[in-house]
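Me: I have a chain here that I would like to talk through with you. Shall we take it term by term?
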Amino acid sequence: MTVADYFLSISCNLLAAVVFLYFILYCLRPKIEISPYIIKVADYDNPEINAFHFKMVNKSKHSAFDVRLELNLLKKNTVKKGKMDTRRTPIDLKRSFISHVPRGKSDKKTQQFAPHAVIFRCLQDIESTLNDMTCLELQITIRHGLSGLSKVFSEEFTLGSIKKGKFAYGNSLEIESLT
């Protein structure tokens, strides 16, 4: 073998390694969508109080594991000379951990269930805590079912994000009326 053959062999191996890493690190990462809306409805356990619903849809072709949710109230405080600092106050969710979410499926109306689309609820009155200086942040940490890679997704909500109605079925993040 000549030096040119060694150089060609090393170059091909490096190229194959880069393509493989790209596939693993970018194609096999969790993919979810979080609705930009919070739904305000009467709680189904206690209809006298309001519940606030958040929706997440697994868009990956593989299942997701170890889904952890954190809901925080972000309050902006002026520190000095116009600089802002953010204080995080945790808000309890009814359920903040799911061990498994099935892979994303097509949105065929013939399917009776959509287990890849998950709705979480909060029983605390978050509407009264929001104002011009505050917002909510929903942070979701999720692990890909095949590769084991984790990713953190987040969505911020303001007072205008709260809507009445219900989430549409399946992959849709839109809102439907309650009637």
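Me: Which share of the contacts between residues at least 6 apart in sequence joins residues at least 24 apart?

Reply: Happy to help! That share is 68%, where a contact means heavy atoms within 4.5 Å. This is a predicted model, in which local features need pLDDT of at least 70, side-chain atom pairs count only at pLDDT 80 or more, and totals for chains, interfaces and linings use all residues. Residues are numbered from 1 along each chain as its sequence is written, and side-chain values use heavy atoms, with hydrogens and water left out.

Me: What makes the protein more spread out than a compact globule?

Reply: Set its radius of gyration, taken over C-alpha atoms, against the globule rule, 2.2 Å times the number of residues to the power 0.38. For 179 residues the rule gives 16 Å, but the protein comes to 22 Å, well over that, so it is more spread out than a compact globule. Its C-alpha atoms fill a box of roughly 80 × 60 × 25 Å along the principal axes.

Me: Why are β4 and β5 called paired strands?

Reply: Strands are DSSP runs of E with at least two residues, numbered from the N terminus. Pairing requires at least two bridges found by DSSP; β4 (residues 64–78) and β5 (residues 84–91) have 8 and run antiparallel, so they pair. Leu-74 stands opposite Arg-88 in β5. In their hairpin, with 5 residues between the strands, Lys-81 takes a positive phi near 55°.

Me: How many of the residues are buried, as a percentage?

Reply: Buried, meaning under 20% relative accessible area with a 1.4 Å probe and protein chains only, describes 32% of the 179 residues.

Note on methods. Helices (H or I, at least four residues) and strands (E, at least two) are DSSP runs, numbered from the N terminus. Buried means under 20% relative accessible area, exposed over 50%, partly exposed in between (1.4 Å probe, protein chains only).
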